[in-house]
Structure formats: C-alpha cells, structure tokens
Amino acid sequence: MANDTIKIGNVEILHLSDGMLEFDLCNFFPTIPGESWRDYESHLTAEHKVRFNLGSYLIRSAGRTILVDTGLGPRPADTPDVPWGELLRDFTAKGVRPEEVDMVVMTHLHRDHVGWNLTADGARWKPTFPNARYWCSRTDWDACHRPDVQPQRFPNAPTCVWPLADLGLVDFMDGEHALTRDLTAVPTPGHTPGHMSILVTSQGQRALVLGDAAHSPVQLQEPDWVSRADMDPDLTRQTRRALLDRLEREHIVVAAGHFEAPGFGRIVRLEGRRYWRGL
Ligand SMILES: [Zn+2]
C-alpha cells in the first residue's frame, strides 16, 4: 500500500479516510453514455460502479495542524453496516488525536466533506475537534443557507455546518485566502459556487489538495465529464481544464481525496494524453 504521508518541503501531509462510497455510473455520471466507459473499465469496480475514497488530509505546517475536510460523518444508527464513518478510528490508527487539530478547512460544504465537524452532545452540538476553528468559503456558506438548494445540495448542513456559527467557531474565506505561511486556499468554483482547493508551498515544493475539482482519474482524460454532484457544469469544466493545465505545467503534487487512497500523485503526459501517476 502506498505511503499515507508525504513531505512538501517542511510540510507534512497525512492521508486519513472516512471510508468509501460507491455509485452506479448512471447515477453519478447521468449524462455519460455507458459505452463511453469502455476505455476506462480499469477505473471501475467488478460490479461496474465508481468507488470513491472519502479522504481527508492532515497538514502539519510551522507548528500548526490543519485538517482539510471531515468526511461523511458517523454511521447512522439505522444503517450500521455502511462502509463509511471511519474517520476517528483512522485518527486513532495513525496516532493522531482530534485535540491536535487547530484548523479545520472545508474545501466545500457538500455532505461528504463536513460530516465529522460536530458531535451530538445531548440536544446540543460540540466541535469534534475541540481546539479548532473552522474555515469555509463565504460563498458556500451563503449557498448552504438558500432554501432552494440546501435540501438537495447541502442535506446535512443544518446539523454539520450551521451550528458552527452559533458556537462562534466559523471563519470565512473570501476569494484567494492565505490560511498559514505555507497554505493558501485557491478558488476552484463550479462543483459548488465557493469550492476551494488548498495550495501547499514550502521550500520551492508545491502540492494541491484538490477537493472535488475532480472525482476520478478518468477526468484527467475526460475533463468535460461532469457528475450530478457538480452544481454548475459549465464552470466545473472551465475550472477543471484550467487547473489540470496548471498542475501538469507546474509539476504540482496532487492530493485527491476521492481518488484511490491515499490519493497522492502527479499529472503526467504520455503520447499526448494525460494520466494519473500515483506517488
Ligand atoms: Zn466529495
């Protein structure tokens, strides 16, 4: 198994996982005809489904500990056998305590990126990461409060995101935003209106925590394939194309939370086509 930790200059990036999700192709990529997948069978499960890791990244930089994304959250009591809900167990397995986290950064506010933000404490909510402040884009914050989009697009926001304001724990990112000396949030809109990717820069080396700017390595070759989760298809395509160009051109290491774990790799070009090369 590939290594769960990489170093970018002085910065350490540790992969953590909340488990996985699987979807039928026609469900997740409803506009892509089945036969278009013929060249990409190797990216599918034996049952012809897409499987997504629910990856988070713990970044240690200049004395700070930053958790990017918090998975889908605790397993519901009525469906105890789902293959997710593993994040805190993975913390323990990798020797990290939730108390160590001093910033939680959400690439966006979809349900599989905010699930462990808060823990039920009787009728109230308490932060799962008790020493952290929580950062999200103001544009996504506004979107997840819009009655016309919230129920479908941000279904767990009322329990996993909204209470952060009452607890006084939320900080907003407006446009490109310096989080620490080494970390900058970069707007990559389309998947959600305020979607952010996190650029790590240290000692001349760089990595990008991608968020959901791509869900599958197939989209390196088919950047126009949008999923039902991409809220603005045209902007998603535009953002993804520009981002892939930059990642390839500048040889930036990528941390892709939904690619096969741990999701570290680079975009390389072979005979004119782009490929994912895991580290
Ligand atoms: Zn996602």
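The following exercises, each with a worked solution, concern a predicted model of a single chain.

**Exercise 1. Overall form**

Determine how many helices and strands the chain has, and assess its compactness against the globule rule.

Solution. Begin with the secondary structure: the chain contains eight helices and 16 strands. Next, compare the radius of gyration, 18 Å, with the 19 Å that the globule rule gives for 279 residues; the two are close, so the chain is as compact as a globular protein of that length. The C-alpha trace spans about 55 × 45 × 35 Å along its principal axes. Finally, consider burial and contacts. Of the 279 residues, 43% are buried. Among contacts with a separation of 6 or more, 68% are between residues 24 or more positions apart.

**Exercise 2. The hairpin of β1 and β2**

Describe how the side chains of β1 are arranged, and state how β1 is joined to β2.

Solution. Take the side chains of β1 (residues 5-8) in turn: they alternate along the strand. Ile6 and Ile8 point to one face and are buried, whereas Thr5 and Lys7 point to the other face and are not buried. Then examine the pairing. β1 and β2 (residues 11-24) run antiparallel and are joined by four bridges. In this arrangement Lys7 stands opposite Glu12 of β2. The last step is the turn: two residues lie between the strands of this hairpin, and Gly9 in the turn has a positive phi of about 60°.

**Exercise 3. The nonpolar core**

Identify the residues with the most contacts inside the largest nonpolar core, and the element that gives the most to this core.

Solution. The largest nonpolar core comprises 60 residues. Within this core, the residues with the most contacts are Ile13, Ile59, Val104, Val105, Trp135, Ile198 and Ala255. β2 gives the most to the core, with four residues. To see the surroundings of one of these residues, consider Trp135. Leaving out residues up to four places away in sequence, Trp135 touches Met103, Val104, Val105 and Met106, and also Asp171, Met173 and Leu179. In general, nonpolar side chains in soluble globular proteins tend to be buried together.

**Exercise 4. A loop residue: Ala214**

Is Ala214 buried or exposed? Locate the residue and list its contacts beyond its neighbours in sequence.

Solution. First, place the residue: Ala214 lies in the loop between β13 (205-209) and α7 (218-221). Second, count neighbours. Ala214 has 27 C-beta neighbours inside 10 Å, and the threshold for burial is 20 or more, so Ala214 is buried. Third, set aside the neighbours within four places in sequence; Ala214 is then in contact with Gln219, Arg240 and Ala256. As a further distance, Ala214 and Met173 lie 41 residues apart in sequence, with 21 Å between their C-alpha atoms.

**Exercise 5. Backbone exceptions**

Most residues other than glycine have a negative phi, and most peptide bonds are trans. Examine Gln203, His251 and the bond between Ala261 and Pro262 in this respect.

Solution. Gln203, which is not a glycine, has a positive phi of about 50°. Gln203 is located in the loop between β12 (196-202) and β13. There are 11 other C-beta atoms within 10 Å of Gln203, so this residue is exposed.

Turn next to His251, whose phi is positive and near 55°. His251 is found in the loop between α8 (233-249) and β14. His251 counts as exposed because it has 11 C-beta neighbours inside 10 Å.

The final case is a peptide bond. Ala261 and Pro262 are joined by a cis peptide bond, with omega about 0°. Pro262 lies in the loop between β14 (253-255) and β15 (264-270).

Technical notes
Residues are numbered from 1 along each chain as its sequence is written. This is a predicted model: local features need pLDDT of at least 70, side-chain atom pairs count only at pLDDT 80 or more; totals for chains, interfaces and linings use all residues. The radius of gyration is taken over C-alpha atoms; the globule rule is 2.2 Å times the number of residues to the power 0.38. A residue is buried if 20 or more other C-beta atoms lie within 10 Å of its own, exposed if 12 or fewer, and partly exposed in between; C-beta atoms are placed from the backbone. Two residues are in contact if their C-beta atoms, placed from the backbone, lie within 7 Å. Two strands pair if DSSP finds at least two bridges between them. A nonpolar core is a set of buried Ala, Val, Leu, Ile, Met, Phe, Trp, Tyr and Cys residues joined through C-beta atoms within 7 Å.
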